[in-house]
Amino acid sequence: MAGDAHVDESQLKGLSKYFNSVTATGRANVAKATYASVGLLILYFTLKPKKKPATK
Amino acid sequence: MMSNLFSVFDPSTNMFNTSMNWLSTMLGLLIIPTMMWMIPSRNNAAWNKTMKKMHEELKTLLGTKKINNGSTLMFTSLFSMILMNNTLGLFPYIFTSTSHLTLTLTMALPLWTSFMMFGWINNTKHMLTHLVPQGTPPILMPFMVCIETISNIIRPGTLAIRLTANMIAGHLLMTLLGENGSSMAYSMISILIITQIALLTLETAVAIIQSYVFAVLSTLYSSEIN
């Protein structure tokens, strides 16, 4: 990516080394993490057992 | 007397019970100037100049990557076809095929699907990178991914509906004005005619602009996948 040439990757520390909006890899990782989170949420709500109404 | 306001868009050209209206889509091919002599005629020169200008505009958008070489041919052809259909539809009794979603979706959906399939299969990392604009604040990054995904998904719809809606709106306005002319007072008819002429001029401009917009947006979408 053209923008990466101006970014010093050694300045990025910790979690922002892998998830940021400046490097191509960082941006791709953010997208992957977002999709994974949304997928897990959908899976959770799909597989969650439905509450049965209490019988009197 | 029309059954409803939109019946003006219904196909009405029949030959031995077969609907011939969609043939108007190819009517533009008859108007493209052909070369009789080696030296271009005035019509030929005008058409060549238009095509060259479109080629240069789209080439700027596509960039210098080798994979995009030759792509302007497809998008310039798309521009010509939509331009012909839009402008010929402004003539009386000529069916405007681009005012129907069947045609516009037929153009937009295969284009978008092929771009997405090629992009996601061959350049997955590049496509994922594009979902987060450079310099987005960290707190906004997940929302930008969702927004960009949705904006990607609705692209074929917006491409098709933009063209259809613009064509329908113009023709509908002209029809409404034309229908009301017979019941109007004599003093108002001159105002009506001036309004109709102004509207026709506007519709001609809209027809040309919408074909340009469709071609340019398709080019932009294709340039994003590499």
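Modeller: Welcome! A residue is called partly exposed when its relative accessible area falls between 20% and 50%. Keep in mind that this is a predicted model.

Biologist: Thanks! What is the relative accessible area of Ile161(B)?

Modeller: Ile161(B) has 47%, so it counts as partly exposed. This residue sits in helix 6 of chain B, residues 155-180.

Biologist: Which residues make the nonpolar surface patch?

Modeller: Ile161(B) joins Leu101(B), Leu105(B) and Leu109(B) in a patch of about 300 Å². Helix 3 of chain B, residues 101-122, brings the largest share, with three residues.

Biologist: And away from the surface, how should I read a nonpolar core?

Modeller: Here is the general idea: in soluble globular proteins, nonpolar side chains tend to be buried together. In this model, the largest nonpolar core holds 33 residues, and Met107(B) and Phe214(B) have the most contacts inside it. At least two core residues come from each of helices 1, 2, 3, 6 and 7 of chain B. Helix 7 of chain B contributes the most, eight residues.

Biologist: Which residues does Phe214(B) touch?

Modeller: Leaving out residues up to four places away in sequence, its partners include Leu78(B), Ile82(B), Met107(B) and Leu163(B). A separate core of eight residues includes Ala31(A) as well as Leu128(B), Leu131(B) and Val145(B).

Biologist: How many residues does each chain bring to the contact between chain A and chain B?

Modeller: Chain A brings 16 residues and chain B brings 16 residues. About 1,300 Å² is buried between them, with 68% of that from carbon and sulfur atoms. On the chain A side, Ser21(A), Arg27(A) and Tyr35(A) supply 43% of the area buried against chain B. The rule finds zero salt bridges across this interface.

Methods: Residues numbered from 1 in each chain as written. Chains lettered and ligands numbered in written order. Predicted model: local features only at pLDDT ≥ 70, side-chain atom pairs only at ≥ 80, totals over all residues. Heavy atoms only, no water. Patch = residues over 30% accessible without salt bridge, like charges linked within 9 Å, V, L, I, M, F, W, Y side chains within 5 Å. Areas by Shrake-Rupley, 256 points an atom, 1.4 Å probe, with all protein chains shown as cover. Salt bridge = Lys/Arg side-chain N within 4 Å of Asp/Glu carboxyl O. Helix = DSSP H or I, 4+ residues; strand = E, 2+ residues; numbered from the N terminus. Buried < 20%, exposed > 50% of the residue type's maximum accessible area, 1.4 Å probe, protein only. Core = buried A, V, L, I, M, F, W, Y, C linked by side-chain atoms within 4.5 Å. Contact = heavy atoms within 4.5 Å. Buried area = accessible area lost by both parts, 1.4 Å probe.
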